[in-house]
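Biologist: I want to see how two parts of one protein meet. Please take me through the reasoning.

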Amino acid sequence: MNALRRYGLLGDPVSHSLSPRLYGAAFRCLQVAAVYDAHRVPGRDAEALRQMMLELGASGGGNVTLPHKQLAASHLDVRSSAVDRTGACNCFWFDSAGRLAGDNTDVGGFLNAAADLDELQLEGASVLLLGAGGAARAVALACALAGVRRLALYNRTVGRAEVLVSDLGIEEIATVCSDREVSSEPWDLVVNATSLGLGRTDALPLVLERDRFRFAFDLVYGPGGTNWTRHAAAMDIPAIDGLSLLVSQALLSLEIWLGSVPDIDGVTRAMWRAVSPAPDRGSR
Ligand code: NDP
């Protein structure tokens, strides 16, 4: 009999996370004997994070969320190029040599999720990225890999956006932009990678106008979308929320942990059903 594998999410807070439901549905669909639990690891407790990564790594693997993605990267023995470039790790496991290995599946996850926006072509596109935290780093790298023509970063703390551009070495395509540029230029895609929208009373990350934005992608998710994706819909701008990224990065994590995922469409549908009642989503 196969031993039960243990996977988990490490972060703070984690009580709101949909990941246990998401991965539970995937493991049932794949008939893999595994459990996935959320573990609260208090901020700045570097040793507790390392211990949990080693424990879970030995029994399956895990994910890392806010605020530990950068700290997790520093605990790895083996880093993917996405971890090296973003400085953040959201997925870890033990490799065949017993070393703690990690990747940043938000990068590939963002590219796959953006494909849910029909007719959006990232190659050659102009992208306005709101935010400069860990998630914005993954989105910025994904945009660079996809060959966007222009990437503009707009963040409350300007210096953090400047450091992001320099850390990722994407000066050729990326600039840090001002209020005036944000409100005057047209963009193919605008991405919210700030945490605005997590709180019920949060302001919109940006007020959108139909003729200046072709598509919108909110990394935040909520029941029936977010206030910002509803605002985009009211402006007739096609928009998706962060559930697409959640499912896409989970699929990539499963492929890493299990070696391969035999029924990608079936597992994707099972994960969507677990986190969203919407009937028209589920395969790609
Ligand atoms: P970080 O804490 O690293 O970054 C937060 C960002 O939000 C910073 O740019 C910060 O600006 C900005 N911000 C916070 N509060 C405000 C405010 N009041 N006004 C304007 N800007 C603000 O978080 P992450 O990058 O890890 O995550 C960002 C969001 O993306 C979160 O909502 C997270 O849930 C979501 N996410 C979703 C995923 C998914 O699978 N759907 C995956 C990963 C992230 P400043 O630099 O000035 O502080």
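Modeller: We will go through the domain interface step by step. Keep in mind that this is a predicted model.

Biologist: What makes this a protein of domain 1 and domain 2?

Modeller: The domain assignment does. It gives domain 1 as 5–106 + 249–275 and domain 2 as 108–243. Their centres, taken over C-alpha atoms, are 24 Å apart.

Biologist: How do you know which residues of domain 1 and domain 2 are in contact?

Modeller: Contact needs heavy atoms within 4.5 Å. By that rule, eleven residues of domain 1 touch 15 residues of domain 2.

Biologist: What is the area buried between the two domains?

Modeller: About 1,200 Å². Buried area is what both parts lose on being put together, so that value is summed over both sides. Carbon and sulfur atoms give 60% of it. In domain 1, R85, T86 and D106 lose the most area, together 47% of what that side buries.

Biologist: How many salt bridges does the rule find across this interface?

Modeller: Zero. A salt bridge needs a Lys or Arg side-chain nitrogen within 4 Å of an Asp or Glu carboxyl oxygen. No pair across the interface meets that rule, so none is counted.

Biologist: And how many residue pairs are in polar contact there?

Modeller: Four, with both residues at pLDDT 80 or more. The cut-off is N or O atoms within 3.5 Å.

Biologist: Which helix gives the most to the domain 1 side?

Modeller: α4 (81–86), with three residues. α5, α10 and α11 each supply at least two. The residues of that side divide into five nonpolar, four polar and two charged.

Methods:
Residues numbered from 1 in each chain as written. Predicted model: local features only at pLDDT ≥ 70, side-chain atom pairs only at ≥ 80, totals over all residues. Heavy atoms only, no water. Domains from an automatic or database assignment. Buried area = accessible area lost by both parts, 1.4 Å probe. Polar contact = N/O pair within 3.5 Å; in protein donor to acceptor, adjacent residues only side chain to side chain. Helix = DSSP H or I, 4+ residues; strand = E, 2+ residues; numbered from the N terminus. Nonpolar A, V, L, I, M, F, W, Y, C, P; charged D, E, K, R; others polar.
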